[in-house]
Amino acid sequence: MVGEESSSSNNQKPYGVLNIKTYIPLILDLNELNYDAWKELFETRCRCFGVRDFLTGESKPTSDKDEEWFKLDSLVKTWLYGTLTQPLLTMILTKNSTSHTVWTSLETLFRDNKDAMAIELDNELRSITLGDLTIA
(Lines give C-alpha, C1' and ligand atoms only; values in the text may rest on other atoms or scores of the structure.)
Protein backbone atom coordinates (compact mmCIF):
# COMPACT_ATOMS: atom_id res chain seq x y z
CA MET A 1 0.00 0.00 0.00
CA VAL A 2 2.81 2.39 0.85
CA GLY A 3 4.54 1.60 -2.46
CA GLU A 4 1.34 2.42 -4.35
CA GLU A 5 1.03 5.80 -2.65
CA SER A 6 4.61 6.83 -3.36
CA SER A 7 4.30 5.64 -6.96
CA SER A 8 1.14 7.69 -7.40
CA SER A 9 2.67 10.81 -5.86
CA ASN A 10 5.81 10.33 -7.96
CA ASN A 11 3.68 10.43 -11.12
CA GLN A 12 2.11 13.72 -9.95
CA LYS A 13 5.44 15.34 -9.04
CA PRO A 14 6.41 16.55 -12.57
CA TYR A 15 2.99 18.17 -13.04
CA GLY A 16 3.77 20.57 -10.19
CA VAL A 17 6.53 22.27 -12.19
CA LEU A 18 5.12 25.52 -13.48
CA ASN A 19 8.37 27.07 -14.66
CA ILE A 20 11.24 24.74 -15.59
CA LYS A 21 13.57 27.75 -15.82
CA THR A 22 13.46 27.91 -12.03
CA TYR A 23 15.34 24.60 -12.00
CA ILE A 24 17.32 25.01 -15.24
CA PRO A 25 18.56 28.61 -15.39
CA LEU A 26 20.52 28.10 -18.63
CA ILE A 27 18.99 28.73 -22.03
CA LEU A 28 20.50 26.38 -24.59
CA ASP A 29 22.08 28.37 -27.40
CA LEU A 30 24.21 27.29 -30.37
CA ASN A 31 26.41 30.36 -29.91
CA GLU A 32 27.04 30.00 -26.16
CA LEU A 33 28.73 26.58 -26.05
CA ASN A 34 26.67 25.68 -22.99
CA TYR A 35 25.30 22.32 -24.13
CA ASP A 36 27.18 20.13 -21.62
CA ALA A 37 26.16 22.24 -18.61
CA TRP A 38 22.57 22.52 -19.87
CA LYS A 39 22.39 18.77 -20.49
CA GLU A 40 23.63 17.98 -16.98
CA LEU A 41 21.07 20.31 -15.39
CA PHE A 42 18.25 18.97 -17.55
CA GLU A 43 19.03 15.30 -16.94
CA THR A 44 19.41 15.90 -13.21
CA ARG A 45 16.04 17.62 -13.00
CA CYS A 46 14.34 14.89 -15.03
CA ARG A 47 15.87 12.23 -12.78
CA CYS A 48 14.52 14.08 -9.71
CA PHE A 49 11.04 14.02 -11.18
CA GLY A 50 11.25 10.40 -12.36
CA VAL A 51 10.94 11.19 -16.08
CA ARG A 52 14.54 10.71 -17.31
CA ASP A 53 13.49 7.56 -19.19
CA PHE A 54 11.49 9.78 -21.54
CA LEU A 55 14.76 11.41 -22.66
CA THR A 56 16.64 8.16 -23.11
CA GLY A 57 13.81 6.43 -24.96
CA GLU A 58 13.56 3.70 -22.32
CA SER A 59 10.01 4.77 -21.50
CA LYS A 60 7.52 3.76 -24.16
CA PRO A 61 3.73 3.91 -24.28
CA THR A 62 1.95 0.65 -23.59
CA SER A 63 -0.49 1.43 -26.43
CA ASP A 64 -1.67 4.28 -28.65
CA LYS A 65 -4.18 5.08 -25.90
CA ASP A 66 -1.65 5.36 -23.04
CA GLU A 67 -2.75 8.89 -22.10
CA GLU A 68 -0.60 9.09 -18.98
CA TRP A 69 2.55 8.35 -21.01
CA PHE A 70 1.64 10.90 -23.70
CA LYS A 71 0.89 13.54 -21.05
CA LEU A 72 4.24 13.03 -19.32
CA ASP A 73 6.10 12.93 -22.63
CA SER A 74 4.44 16.19 -23.68
CA LEU A 75 5.37 17.72 -20.34
CA VAL A 76 9.05 16.80 -20.75
CA LYS A 77 8.97 18.03 -24.34
CA THR A 78 7.52 21.34 -23.13
CA TRP A 79 10.36 21.61 -20.61
CA LEU A 80 12.85 21.06 -23.41
CA TYR A 81 11.23 23.68 -25.62
CA GLY A 82 11.16 26.15 -22.72
CA THR A 83 14.93 26.04 -22.30
CA LEU A 84 15.92 26.70 -25.93
CA THR A 85 16.59 29.93 -27.80
CA GLN A 86 14.03 30.82 -30.45
CA PRO A 87 16.35 30.02 -33.42
CA LEU A 88 17.27 26.65 -31.89
CA LEU A 89 13.63 25.83 -31.20
CA THR A 90 12.80 26.59 -34.82
CA MET A 91 15.58 24.26 -35.98
CA ILE A 92 14.45 21.21 -33.99
CA LEU A 93 10.67 21.64 -33.85
CA THR A 94 8.94 18.84 -35.75
CA LYS A 95 5.40 17.55 -35.81
CA ASN A 96 4.56 14.44 -33.73
CA SER A 97 7.98 14.30 -32.08
CA THR A 98 8.56 12.77 -28.67
CA SER A 99 10.79 14.12 -25.93
CA HIS A 100 13.29 11.40 -26.87
CA THR A 101 13.45 12.49 -30.53
CA VAL A 102 13.89 16.14 -29.48
CA TRP A 103 16.62 15.11 -27.01
CA THR A 104 18.53 13.09 -29.62
CA SER A 105 18.12 15.86 -32.22
CA LEU A 106 19.73 18.31 -29.82
CA GLU A 107 22.54 15.86 -29.01
CA THR A 108 23.25 15.33 -32.70
CA LEU A 109 23.12 19.03 -33.47
CA PHE A 110 25.49 20.02 -30.69
CA ARG A 111 27.92 17.13 -31.10
CA ASP A 112 28.18 17.73 -34.87
CA ASN A 113 28.49 21.47 -34.32
CA LYS A 114 31.25 20.96 -31.73
CA ASP A 115 33.49 19.20 -34.26
CA ALA A 116 32.86 21.83 -36.93
CA MET A 117 33.55 24.63 -34.46
CA ALA A 118 36.83 23.00 -33.35
CA ILE A 119 38.01 22.84 -36.98
CA GLU A 120 36.98 26.44 -37.57
CA LEU A 121 38.81 27.63 -34.45
CA ASP A 122 41.91 25.63 -35.39
CA ASN A 123 41.94 27.23 -38.86
CA GLU A 124 41.40 30.67 -37.35
CA LEU A 125 44.26 30.15 -34.90
CA ARG A 126 46.64 29.03 -37.64
CA SER A 127 45.85 32.09 -39.76
CA ILE A 128 46.46 34.70 -37.05
CA THR A 129 49.23 37.15 -37.90
CA LEU A 130 50.95 39.75 -35.77
CA GLY A 131 52.26 42.39 -38.09
CA ASP A 132 54.54 40.59 -40.54
CA LEU A 133 54.81 37.45 -38.37
CA THR A 134 52.48 34.43 -38.56
CA ILE A 135 51.44 32.57 -35.43
CA ALA A 136 53.96 29.83 -36.32
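Read from the N terminus, the elements of the protein follow the order α-α-α-α-α-α-β-β. In this predicted model, the protein thus comprises six helices and two strands. Of its 136 residues, 30% are buried. The exposed surface of the protein amounts to about 9100 Å², and 55% of that area comes from carbon and sulfur atoms. Among contacts with a separation of 6 or more, 57% involve residues 24 or more positions apart.

A helpful place to look at such contacts is Thr85. This residue sits in the loop that links helix H4 (67-82) with helix H5 (86-92). Despite its loop position, Thr85 has a relative accessible area of 17% and therefore counts as buried, the cut-off being under 20%. Leaving aside residues up to four places away in sequence, Thr85 touches Ile27, Leu28 and Asp29.

The cysteines deserve a word of their own. A search of the whole structure returned zero disulfides. For Cys46, the closest cysteine sulfur is that of Cys48, and the two sulfur atoms cannot be paired because 9.2 Å is too far for a bond; a disulfide would require sulfur atoms within 2.5 Å. Seen from the other side, Cys48 is likewise in no disulfide, its nearest cysteine sulfur being that of Cys46 at 9.2 Å. The surroundings of these cysteines can also be described by accessibility. Cys46 is buried, with a relative accessibility of 1%, whereas Cys48 is partly exposed, with a value of 38%.

Definitions and conventions. Residues numbered from 1 in each chain as written. Predicted model: local features only at pLDDT ≥ 70, side-chain atom pairs only at ≥ 80, totals over all residues. Heavy atoms only, no water. Helix = DSSP H or I, 4+ residues; strand = E, 2+ residues; numbered from the N terminus. Buried < 20%, exposed > 50% of the residue type's maximum accessible area, 1.4 Å probe, protein only. Contact = heavy atoms within 4.5 Å. Areas by Shrake-Rupley, 256 points an atom, 1.4 Å probe, with all protein chains shown as cover.
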